[in-house]
Amino acid sequence: ITAAIWGFGFIAQRLGMNHLGPYGFNSFRFLLGALSLLPVCLVQRKRSAEKINRRFWLIGCIAGLALFGGATLQQVGLQFTTVGKTGFITGLYIVIVPIIGLTLKQHVGGFTISGILAAAVGLYFLSIKDGFSISRGDALILAGALFWAVHVQVLGHTGNWNPLQLAALQYAVCAVLNLALAFSFETVSLNAIVSAALPIVYSGLFSVGVAFTIQVIAQKHIDPSRAAILLSLEAVFAVLGGWLVLHETLTLRELLGCALMFAGMLLSQLQNLRKNPQKT
């Protein structure tokens, strides 16, 4: 359900920019997402194993900066490419994470390396054109995937703080930074906000607030590797949504690229699944 909400969320992100610029849309959807988590954070405020301290604020702000980089590049790039391609290129963060892990002396197995190679070949078929060039939109989405991968690594050092409290903080940081860009480079009006209300509500309330809460609840009952495989279906739902709602299509070459990238995402997780054969 989380993967479906996120995948179809790319449609809301595209439609919202019919009325607001990318920075303005991001600022309001993440602000709404942060506000939607506050009631749950208040209910769970005593369930955190660690007290909120200076390190909490530091990690939350760093995660917010990484989130800002990923979400902003994704939203800007979405203006120049399709929803389906955005979903798959964004999903590359799953295989970029272990590449970053190599620099941090984290172990990377053979399945992960195979997944990285398959995803790289898939990206070539999906986005690289004649003359070994890549479109502006795809390049921005790819740069955003790097920030999403950094975001995952940062969240791996969050200790035992309440994850929803940490999420609300990073969403607030992302919203404030986007709001600063919106008022600096875009025209933001009340009429535009009202016109984009439905995409903002879906993207902010459902993609951010509801889906993240469901993810946190679900991952109490499933190991991270299996969760990552299920969440990677976000890319598949993005293609499906782009086709059903926005009537976007992919060429045979691009579909081959999607298939290879999805295979790479799955391969990158198999090594961890083998560590828990009773759950596999």
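**Exercise 1. Find how many cavities of 30 Å³ or more the whole structure holds, and describe the lining of the largest cavity.**

Solution. A search of the whole structure gives one cavity of 30 Å³ or more. The model is a predicted one. The largest cavity holds about 40 Å³ of space.

Next, list the lining. Gly 87, Gly 91, Tyr 93, Ile 94, Leu 231, Ser 232, Glu 234, Ala 235 and Met 265 line the largest cavity. At least two of the lining residues come from α5 (93-103), and at least two from α12 (234-244).

Then sort the lining by class: five residues are nonpolar, three are polar and one is charged. Gly counts as polar and Tyr as nonpolar in this sorting.

**Exercise 2. State the volume of the second largest pocket and describe its lining.**

Solution. The second largest pocket contains about 220 Å³ of space. Its lining has 14 residues, and those closest to the centre of the pocket are Ile 1, Thr 2, Ala 218, Leu 230 and Leu 231.

Turn to the helices: α1 (2-16), α10 (197-218) and α11 (224-231) each contribute at least two residues to the lining of the second largest pocket. By class, this lining has 11 nonpolar and three polar residues, and no charged ones.

**Exercise 3. Classify the packing of helix α2 against helix α3 and give the contact residues.**

Solution. Two packed helices are described by the angle between their axes and the distance between the axes. For α2 (residues 22-43) and α3 (residues 54-77), the angle is about 130 degrees and the axes are 9 Å apart. An angle over 145 would count as roughly antiparallel, and 65 to 115 as roughly perpendicular. α2 and α3 are therefore oblique to each other.

The crossing of α2 past α3 is right-handed. On the α2 side, the contact uses Pro 22, Tyr 23, Phe 25, Asn 26, Arg 29 and Phe 30; on the α3 side, Leu 67, Ala 71, Thr 72, Gln 74, Gln 75 and Val 76. Sorted by class, the contact of α2 with α3 has seven nonpolar, four polar and one charged residues.

**Exercise 4. Do the corresponding analysis for helix α4 and α12.**

Solution. Helix α4 (residues 83-90) packs on α12 at an angle of about 175 degrees, with the axes 7 Å apart. Angles over 145 degrees count as roughly antiparallel, so α4 and α12 are roughly antiparallel to each other.

From α4, Val 83, Gly 84, Gly 87 and Phe 88 make the contact; from α12, Ala 235, Val 236, Ala 238, Val 239 and Gly 242. The classes are six nonpolar, three polar and no charged.

Key: Residues numbered from 1 in each chain as written. Predicted model: local features only at pLDDT ≥ 70, side-chain atom pairs only at ≥ 80, totals over all residues. Heavy atoms only, no water. 1 Å grid on protein atoms, 1.4 Å probe; cavity = no way out; pocket = protein on both sides within 12 Å on 5 of 7 lines; lining within 4 Å. Points joined across faces, edges and corners; volume = space filled by probe spheres on them. Helix = DSSP H or I, 4+ residues; strand = E, 2+ residues; numbered from the N terminus. Axes fitted to C-alpha atoms, helices over the stretch in contact; angles between N-to-C directions. Parallel < 35°, antiparallel > 145°, perpendicular 65-115°, else oblique. Left-handed = near helix turned anticlockwise from the far one by under 90°. Contact = heavy atoms within 4.5 Å.
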